[in-house]
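Got your viewer open? Let's walk through this one stop at a time, selecting as we go.

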Amino acid sequence: MARAGIDQQTDMEISAPPAKRCKFMATEVDDNLEIKAVLTTEYKKDITLIKVHSCQLETKQQLQSVVQELSQKLPHFHHLKRVSDRNVLICPTAEVEHTLEQHLQGHAFSDSVVKALCRDVKVIEVPADRAKLRMQYEKMKKYWPCKFHPDKYAESLQNGSNFTSKQRIFHKQMAQLLRSLTKNVNAGQPVGICVDPRQPSIVAIAGSNDTCSSSHRHCSMLLVDYVARSQQGGATQHQVDFVQDDDASKTTLRGIPKAFHDYIRQDEAYKDVQCGAQMSVEYEQQQVEATADNLAKYGPYLCTGYDVYLLREPCLMCAMALVHSRVKRIFFLLPSDNGALATRFQLHDVKELNHHYEVFQFITDGT
Amino acid sequence: MAAFMEEAFVEARRARDAGEVPVGCVFVLGDKVIARGGNQVNVTRNATRHAEFICIDTTLAYCREKRLPARQLFSEISVVVTVEPCIMCSAALHTLGVKEIIYGCENDRFGGKTLVDVAAVVGTRIDIIGGVRAEEAMDLLKEFYKGENPAAPPVAKKKK
């Protein structure tokens, strides 16, 4: 496989400054793997329309008084321009119980404005929601002039330019590590990896295990407990040998089972991969500036600021466990029949939850 | 069955006294409590150690010890818990196929019934009865949240 090809391709895609010669380039990376953001519904292609009453004013001189009363008495359509030439949006048809005239009178419009608005009334369709992405905006403006505030980060998630080529290579390397550990160490059972993206460095690795017949011990559940081990916590008695820390060590390997760690250290492909978690703050007090995020300020707490890589899309139980654990981003390789991030449900689209992670899926060519 | 709610409350108060979010749970088989527990999130630094999961683990150990098939045993278990199970716990209990869930107050932040239709996502239905001594369960939570969770970092101010 042509390594130079990867470099060129990703650089072109992201139109970022030319990437520095990256140390991960020494690693074989799966060329056909793409990383796609699993976006929530508000970023989807399809736009929703609603039926509204609109009218054409007789003269432009009426605009000022009409718009003023409309914005006070029927404050709708903040995502749309209220006026297009002499055409004015009045209100959604669903709101009008009897006639439009009665509706306006009920909202205490002045007689002259009621008269102006009830001329040449039509029912038209306009976009129901605000445009989040330019692609949506382009579609929406065909129906009615819209307001649009571009969100650079959302656009980059949508078109895949959110990662630098160095980050992209690291994510792909983790995808490959998931496959290797699953196949070569964990007898084909799914594996999960938790990474502190700041270094980046592996905090914990967990593989689900056939012999613990308990159907709820999926690898995400084990993974958050191994992360807890790295913070001097952890709940379950695991039939697993973990790496022991040196006394001199500044980071901890307590979250990584020995078998996985040995494999990584012995495989040439992962010689650049860092392992070890930052110690809890009781063990190390850090000086940081006030603008830093919670992970930098207070040290490890649950999985705050950490990324999780999973062989399989998590089920609803695991997906919610990762919300409780305050994971920053989830990357998964294979969809699951009972998957709760893309296949059966999108837990990260439930607005009422108190934490939301970003979700990415590795897509192989041809799948 | 609601009589077992008092047992769940004992566990909830025990959790509160240990500095944990006061939620308690018991698993009932026939007329016997076979597992009991409260939240252990702060002591374990593991946000998934909810009362229900403590009971699930105890029950699995019980099955191993008595050499009983777990799947069948779970199908006969009534889960009695002071607060509506969260999405994670509810999904686990649906997957394990327990007989029924009886809970105290609703959980409008994480509720497995209030917020997400867990049964539809998991694909199994079980009987769920809520509102048993709900006010008492809610009072325990309110009392707890008046104080601060000692393990959590300060909440970041919302950027405008």
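This tour starts where the two chains meet, moves on to chain B as a whole, and then visits single spots. Keep in mind that you are looking at a predicted model.

**Stop 1: where the chains meet**

Color chain A and chain B separately and look at the boundary. Here 33 residues of chain A are in contact with 30 residues of chain B. The two chains bury about 2700 Å² between them, and 68% of that is on carbon and sulfur atoms. Now select α8 (219–230), α10 (294–298) and α11 (316–324) of chain A: these are the elements that give two or more residues to the side of chain A that touches chain B. Which of them gives the most to that side? It's α11(A), with 5 residues.

Color that side of chain A by residue class and you get 15 nonpolar, 13 polar and 5 charged residues. How many salt bridges does the rule find across the interface of chain A and chain B? The count is 0. Polar contacts do turn up across the interface, in 5 residue pairs with both partners at pLDDT 80 or more.

**Stop 2: chain B on its own**

Hide chain A for a moment and show chain B as a cartoon. Chain B has 7 helices and 5 strands. Trace chain B along the sequence and the pattern reads α-β-β-α-α-α-β-α-β-α-β-α.

Turn chain B around to get a feel for its dimensions: along its principal axes, the C-alpha trace spans about 55 × 35 × 30 Å. The radius of gyration of chain B is 16 Å, which agrees with the value near 15 Å that a compact globule of 160 residues would have. If you color chain B by accessibility, buried residues make up 52% of its 160 residues. Long-range contacts show up too: of the contacts in chain B between residues at least 6 apart in sequence, 61% join residues at least 24 apart.

**Stop 3: two arginines in chain B**

Select B:Arg49 in the loop between α2 (41–44) and α3 of chain B. Is B:Arg49 buried or exposed? B:Arg49 counts as buried because its relative accessible area is 10%, below the 20% cut-off. Bring chain A back now, as one of the contacts of B:Arg49 is A:Ala235. Leaving aside neighbours within four places in sequence, the contacts of B:Arg49 within chain B are B:Asn39, B:Gln40, B:Val41, B:Thr44, B:Ile54 and B:Asp57.

Next, go to B:Arg67, in the loop between α3 (51–66) and α4 (70–74) of chain B. B:Arg67 is exposed, with a relative accessible area of 76%. Check the backbone here as well: phi of B:Arg67 is near 55°, a positive value in a residue other than glycine.

**Stop 4: backbone spots in chain A**

Over in chain A, select A:Phe77 in the loop between α2 and β3 (83–84). A:Phe77 is another residue other than glycine with a positive phi, near 60°. A:Phe77 is buried, at a relative accessible area of 7%.

Then jump to A:Pro200, in the loop between β6 (191–196) and β7 (201–207) of chain A. Show the backbone atoms and look at the peptide bond from A:Gln199 to A:Pro200, which is cis, with omega near -10°.

**Stop 5: A:Leu57**

Select A:Leu57, in the loop between β2 (49–56) and α2 (63–73) of chain A. A:Leu57 is buried, and its relative accessible area is 0%. Show what surrounds this side chain: apart from residues up to four places away in sequence, A:Leu57 touches A:Gln62, A:Leu63, A:Val66, A:Arg86, A:Val88, A:Ala116 and A:Arg119. For a distance to draw, try A:Leu57 to A:Lys115: they are 58 residues apart in sequence and 9.7 Å apart in space, C-alpha to C-alpha.

**Stop 6: helix α6 of chain A**

Finish on helix α6 (residues 152–159) of chain A, where the buried residues are A:Ala154, A:Glu155, A:Ser156 and A:Leu157. What covers these buried residues? The cover includes β1 (33–37), α5 (134–140) and β12 (358–364) of chain A.

Zoom in on the two ends. At the start of α6(A), a side-chain oxygen of A:Asp151 comes within 3.1 Å of the backbone nitrogen of A:Tyr153. Just after α6(A), you reach A:Gly160, with a positive phi of about 80°.

How values were computed. Residues numbered from 1 in each chain as written. Chains lettered and ligands numbered in written order. Predicted model: local features only at pLDDT ≥ 70, side-chain atom pairs only at ≥ 80, totals over all residues. Heavy atoms only, no water. Contact = heavy atoms within 4.5 Å. Buried area = accessible area lost by both parts, 1.4 Å probe. Salt bridge = Lys/Arg side-chain N within 4 Å of Asp/Glu carboxyl O. Polar contact = N/O pair within 3.5 Å; in protein donor to acceptor, adjacent residues only side chain to side chain. Helix = DSSP H or I, 4+ residues; strand = E, 2+ residues; numbered from the N terminus. Nonpolar A, V, L, I, M, F, W, Y, C, P; charged D, E, K, R; others polar. Rg over C-alpha atoms; globule rule 2.2 N^0.38 Å. Buried < 20%, exposed > 50% of the residue type's maximum accessible area, 1.4 Å probe, protein only.
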